[in-house]
Structures are given as structure tokens and as C-alpha cells.
Amino acid sequence: MSAEIIDGKKIAQTMRAQLKDRINQLEDITPGLAVILIGDNQASKTYVSMKQKACEDLGIYSKLVKLPDTVKESELLDIIQELNEDQLIHGILVQLPLPAHISETSVIEAIYPSKDVDGFHPINIGRLQAGGEAFYPCTPNGIMKMLEFQEIDPAGKHAVVVGRSNIVGKPMGQLLLGKSATVTYCHSKTADLKTHTAQADILIAAAGIRNLITADHIKSGAVVIDVGMNRDEEGKLCGDVDYDQCRLKASAITPVPGGVGPMTITMLLFNTVESAERFSR
Ligand code: ADP
């Protein structure tokens, strides 16, 4: 068997076109996203400029707030509060990681949950679990959209999530549970990873370890979603899954790059548009 390749780029394009229509239907407002970038981290700068470009392409107003890494926590919190009250802004994102002297928790909790388009505020995390109107974290929500596009229904399936980070693994499992999958979480302390992953109908690899998942780890016909963003010896982007091997055994698989990656920013745009729609209502 050779797996169907899940084309994240194409799905992202389709979704962005749908979002453009929704933006055009908003008569009285333009969705606005504020991005706060602190310091000089090259990866953060790259992510932020990708997010800004994606906003521009779609007609979302984007406001970049650049701060030096010497900024005081209290100054940052004041800026967040101004953006909370700013009528032109529907989403606020603080690019992580933060300098060591600033508390990530304080910053995340300072953003109004109604503008927390990253879905990291405890209110949004709670609502993801308990139900109610919430923003879901972009990477796992993008994966749910991919499954939907591929017409893969998680109901009754055994989903195994490798990784338990707050940003990916944990919310991923919750979203799959919400769609009636039977969910197993694996993590760095899991004994005998293979025993678990080999039972997965849907396997989500989000550990950040190159080639952690080999063909031995998967069941024949499994759906394999690779969240990994690692670099090989030559600096080439690669995932957590041994793609060349697993693709011969899986029924569907995401490549890296071109799989989960393009969906993450798309879901940020999605959340920003949703937020603007809620404000306009
Ligand atoms: P991400 O943001 O992509 O989720 P993190 O680095 O924050 O990445 O988290 C990595 C996750 O992967 C952690 O939850 C950790 O427990 C899990 N993990 C790390 N190594 C292994 C391993 N060998 N087997 C299974 N899970 C692992």
C-alpha cells in the first residue's frame, strides 16, 4: 500500500479562500491582529513576518508591536491592556518565547480571552475541555480541519497522541476526544512507545524528535499526522516520522514540509476572522 499524501498547503489555500469570502461579508469592520514581538530572536522574527504576510494577503489589518528584550513586564502588560481595549484589534498574539524576566503565565492571562486567538488563555483552555465558545490552539485545530477535509472521522477510532505539550499534544487529545475518538497520550516517560503507537488508527506525532516514529511503530492502514519541525544534518526541515518508510504502510500521511505547517498560520487567520465576526455581532 502507498498512503494518500495529505496536502496541507492545498487545504490551507482552500481555507484561506473561504476566509477571504467571510472577510468580504463583514461590512462594518476589518479583522485586526496585533502581534507583539520582543527581542531579536531570528526564528521569532521569521514567524512574525510570515504571520503578517498571511494577514496582508487576506485583507486582515495587522499591527506589529516591536519591543526590546529589556522591556519591563509591567510595560508589556500595559501595552496588552491597550490592545485589549483597541476597537480595531480582534486578536492579540505575543510571540513566544519571552525573555526570562517576563512571566509567560502573566502575559497570557493578561490578554482578554475574547482576543486570545492563540487559544492559550486558561479560559479558552477550560472551554476547550468543558465546551462553550472558545479559541482553539492553532496547530491541533488545523489538524482537526485536515482530518475533516480528508473525511476522516475520529469517532470510535483509537487516536494516539505522542507529546503532551500545552500548545500541541494536550489540546490535540481533547479535540479528538470531543469528536468521540478513544485517546491515548504518550510522552517522554511512556514505557514502550511502540506498543501504544502500533494500536493507533490515527497517530499524531508531536514530540520534536526526528525519526521517532518508524514503520514498526505504526499499524498498517493508520492515518499518520506529523507535527515535528526538526532539522537533519544538512539543515533540511523534517518531521518526527520516518516518512519514506511509513508512507508505504499508512493509509494517509502528512509530509514535512507541506503538511501541518501551512495549517497552523491558517488557523490563526481563522481565529482572527471568527473573533471579528463575534465582535461585529
Ligand atoms: P511541541 O510544542 O511540538 O508539542 P515540546 O517540545 O513542547 O513540542 O513537547 C515535546 C513533547 O514530546 C513532550 O510532551 C514530551 O513528553 C514528548 N516526548 C519527548 N520525547 C519523547 C519520546 N521519546 N517519546 C514520546 N514522547 C516524547
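1. The C-alpha atoms at the two ends of residues 137-278 lie 18 Å apart, and this span is 35% helix and 17% strand. The UniProt record, an unreviewed entry, places the feature "domain: Tetrahydrofolate dehydrogenase/cyclohydrolase NAD(P)-binding" at these residues. The coordinates come from a predicted model.

2. A further span in the UniProt record, again from an unreviewed entry, is residues 6-118, with the feature "domain: Tetrahydrofolate dehydrogenase/cyclohydrolase catalytic". Here the end C-alpha atoms are 24 Å apart, with 49% of the span in helix and 16% in strand.

3. On confidence, the protein chain has a mean pLDDT of 97, and 100% of its residues reach 70 or more. For the complex, the predictor gives an ipTM of 0.95 and a pTM of 0.97.

4. The protein chain holds ten helices and eleven strands. Its radius of gyration is 19 Å, close to the 19 Å that the globule rule gives for 281 residues, so the chain is as compact as a globular protein of that length. Along the principal axes, its C-alpha atoms fill a box of roughly 55 × 40 × 40 Å. Of the 281 residues, 41% are buried. Among contacts with a separation of 6 or more, 68% join residues 24 or more positions apart.

5. Which residues are closest to the ligand? They are Ser165, Val168, His187, Ser188 and Ala207, out of 18 residues that surround the ligand. By class, this shell consists of ten nonpolar, seven polar and one charged residues.

6. The UniProt record (unreviewed entry) places a "binding site" at Gly163, Arg164 and Ser165. Ser165 is also among the residues closest to the ligand in the model. Gly163 sits in the loop between strand S5 (158-162) and helix H7 (169-178), and Arg164 lies in that loop between S5 and H7 too.

7. Are Gly163 and Arg164 buried or exposed? Gly163 counts as buried because 24 C-beta neighbours fall inside 10 Å, where 20 or more are needed. Arg164 has 18 such neighbours inside 10 Å and so counts as partly exposed. Leaving aside neighbours within four places in sequence, Gly163 is in contact with Val168, Gly169, His187, Ala206 and Ala207. With residues up to four places away likewise not counted, Arg164 touches Gly169, Lys170, Tyr185 and His187. Gly169 and His187 thus appear in the contacts of Gly163 and in those of Arg164.

8. Helix H7, which follows this loop, is mostly covered, with seven of its ten residues buried. These are Gly169, Lys170, Pro171, Met172, Gly173, Leu175 and Leu176. They pack against helix H5 (122-130), helix H6 (138-149), S5, strand S6 (182-186) and strand S7 (202-205).

9. Two residues other than glycine deserve a look for their backbone angles. Ser180 has a positive phi near 70° and is placed in the loop between H7 and S6. It counts as exposed, because there are 12 C-beta neighbours inside 10 Å. Asn211 has a positive phi near 60° and is placed in the loop between S7 and strand S8 (223-226). Asn211 is partly exposed, with 16 other C-beta atoms within 10 Å.

10. Where are the cis peptide bonds described here? One runs from Leu96 to Pro97, with omega near 0°; Pro97 lies in the loop between strand S4 (91-94) and helix H4 (104-110). Another runs from Val256 to Pro257, with omega near -5°; Pro257 is found in the loop between strand S11 (252-253) and H10.

11. Val48 is placed in helix H2 (residues 42-58) and is partly exposed, with 19 other C-beta atoms within 10 Å. Val48 and Leu37 are eleven residues apart in sequence, and their C-alpha atoms are 7.4 Å apart. Leu37 is also one of the contacts of Val48, along with Val35, Leu64 and Gln95, when neighbours within four places in sequence are left aside.

12. Arg278 lies in helix H10 (residues 260-280). It is exposed, with 11 other C-beta atoms within 10 Å. Between Arg278 and Asp232, which are 46 residues apart in sequence, the distance from C-alpha to C-alpha is 43 Å.

Conventions. Residues numbered from 1 in each chain as written. Predicted model: local features only at pLDDT ≥ 70, side-chain atom pairs only at ≥ 80, totals over all residues. Near = placed C-beta within 6 Å. Nonpolar A, V, L, I, M, F, W, Y, C, P; charged D, E, K, R; others polar. UniProt positions renumbered as here; feature names shortened; annotations may be inferred. Helix = DSSP H or I, 4+ residues; strand = E, 2+ residues; numbered from the N terminus. Rg over C-alpha atoms; globule rule 2.2 N^0.38 Å. Contact = placed C-beta atoms within 7 Å. pLDDT = per-residue confidence, 0-100.
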